[in-house]
Amino acid sequence: MRSEFKQLPGPSFELGGSHRSQFCIGGLSIEVDGDGCADVSLVPPLEPFRSEAVASDIQIHVEWVARLEPMPGRRVFDSGTTWRLYECESGFQFDFNAPLFGVPPYKRLLVDRRFRRATLQMSEASLAAGGFAADPLGYPLDELLIMHRLTQEKAIELHSCGIVRPDGTGNLFVGHSGAGKSTTTRFWTEREDVEVLSDDRIIVRRDEGGVLETPRNAIGAARQPEVLRPRDRSASPTGRLPQDDRTELQMPRSARSDNPKVRNHKSKYKMRMYGTPWHGEAMYASPNSAPLGRIFVLEHGRGNAITPLSPSQAVAELFARSFVPFHRHEYVESALEFLQEVVDSVPVFRYEFEPDRRAVETIINFHD
C-alpha cells in the first residue's frame with residue numbers, strides 16, 4: 001500500500017523555542033513551543049484544557065517559513081474542504097487550506113508515525129495574503145492530532161455526550177448527528193445538578209488506576225472544574241464546525257459481528273470518559289473526566305425502550321459512531337480491539353426514546 005503514495009521527505013523535529021504552553025485532552029498532555037507568544041497561544045476552546053508542567057505525550061514545535069508549496073502526487077486522505085493528509089518516509093504530513101489564504105497551504109503539520117513529535121510550519125506568505133493572523137493550534141488541527149494519537153493508545157473518541165450524576169454515575173449517550181445528544185444534555189441539566197463532560201465528543205480510555213473515585217470532588221485531574229465555554233467559531237479561519245469536515249463512512253468488514261476479534265470475553269480494565277473541547281449544539285466542553293458506568297446508543301423511537309446489546313452488537317454500534325482514521329487498516333483493527341475491551345467492561349444498551357423529559361426519568365429509574 002505504501003508504494004502507491006508519493007513519498008515525501010521525512011519530517012525533521014526541533015524543539016527549543018523560547019515560549020511554551022501545555023494542555024491536556026483525553027488523558028494526553030500536549031506541549032507546544034515556539035519563538036513568539038502568539039506561536040504557543042491557545043485558542044479559546046483550548047483554554048479550559050490548559051495544564052501545568054507535566055511530562056508531555058505530544059511535543060509540537062512551531063516555526064515560520066516564507067511559503068508552503070502544494071504537494072503533488074496521490075494523497076492518503078482529502079477532507080474535501082480544509083485539510084489533506086500525505087504519507088512521508090518517516091511520518092505524516094497534514095496540509096491545511098482555507099479560501100481566505102489562497103491555494104497554497106497556510107500551515108503544515110509534520111508528525112512522526114507514533115504521533116509523539118511534530119513540527120508545525122506556518123506560511124508567512126499565505127497569512128499575509130489573508131490579512132490577519134491564524135491560530136497555529138486552531139481547529140481542526142487539534143482534533144486531528146489527538147484522534148490520530150489515540151490510535152497508539154488504549155482509547156477512542158466517540159460521537160457522544162457524557163453525563164455524570166451527583167452520585168457519581170457516569171452515563172455515556174452515543175449517537176450520530178441528530179440522534180438527540182444535545183437534547184439529552186439539556187433535559188439532564190434541567191433535571192439535576194449533573195457534570196456535562198461534552199455534548200458531542202467524548203474520549204474513552206482505560207482507567208489505569210482501576211479504582212473508581214468519589215464523584216464531584218474527585219472528577220477530573222488535579223484541577224477544579226472550569227466554566228463550560230462554547231466553541232469560538234473564530235478559532236477556525238473558515239468559521240466551520242466539526243461536522244463540516246466529516247463524511248459518512250461505511251463500516252468496514254472488520255467491524256462485523258462475524259469477525260473473530262468481535263468476541264465475548266471479560267476485560268480486567270475499568271473505563272473512564274473524558275470531556276473534549278469539541279462540543280455540539282448545547283455547547284458543553286469540560287476538561288474533566290469520570291468513571292464510565294453505562295453506555296446508551298441513542299435512537300429516536302416511540303416510547304422509551306432500553307434494550308441490552310450483545311458484545312458483537314455493541315462493538316458494531318460504537319464503531320459506527322467513533323472517530324477513527326480509516327486510512328490505515330491497523331488503526332481500524334486497534335479501534336475494534338479496544339471497543340471489545342470497552343463492551344466487556346461496561347454494559348451497553350440501545351435506547352429508543354422520545355425527546356422529552358420522561359426520557360431522563362427512564363434512565364434514572366433504570367436498573368440493569
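## Close-up views of a predicted model

**View 1. Helix H2 and its buried residues.** In this predicted model, the buried residues of helix H2 are Leu141, Asp142, Glu143, Leu144, Leu145, Ile146, Met147, His148 and Arg149. The helix spans residues 141-149, and because nine of its nine residues are buried, H2 is largely enclosed by the rest of the structure. The buried set takes in Asp142, Glu143, His148 and Arg149 as well as Leu141, Leu144, Leu145, Ile146 and Met147.

**View 2. The open sheet and its edges.** Eight strands make up an open sheet with mixed pairing, and their order across the sheet is E1-E2-E3-E8-E7-E6-E5-E4. At the edges lie E1 and strand E4 (77-78), each of which pairs on one side only.

**View 3. The hairpin of E1 and E2.** Strand E1 (residues 19-25) runs antiparallel to E2, to which it is joined by seven bridges. Two residues separate these strands in the hairpin that they form, and in the turn Gly26 has a positive phi of about 60 degrees. Along the paired strands, His19 is set opposite Gly34 of E2, while Arg20 faces Asp33 of E2 as its opposite residue.

**View 4. Strand E2 and its parallel partner.** Strand E2 (residues 28-34) is mostly covered, with seven of its seven residues buried. The cover extends to both faces of the strand, since Leu28, Ile30, Val32 and Gly34 are buried on one side, and Ser29, Glu31 and Asp33 are buried on the other. E2 also pairs with strand E3 (residues 58-65), here in the parallel sense and over four bridges; within E3, Ile60 is the bridge partner of Val32. Gly34 and Asp33, both buried, are the E2 residues that stand opposite His19 and Arg20, respectively.

**View 5. Two cysteines in contrasting surroundings.** Cys37 has a relative accessibility of 54%, and because exposed means over 50%, Cys37 counts as exposed. Cys161, by contrast, has a relative accessibility of 0% and therefore counts as buried. A disulfide is a covalent bond between the sulfur atoms of two cysteines. A search of the whole structure finds zero disulfides.

Definitions and conventions. Residues numbered from 1 in each chain as written. Predicted model: local features only at pLDDT ≥ 70, side-chain atom pairs only at ≥ 80, totals over all residues. Heavy atoms only, no water. Buried < 20%, exposed > 50% of the residue type's maximum accessible area, 1.4 Å probe, protein only. Pairing = 2+ DSSP bridges. Disulfide = S-S within 2.5 Å.
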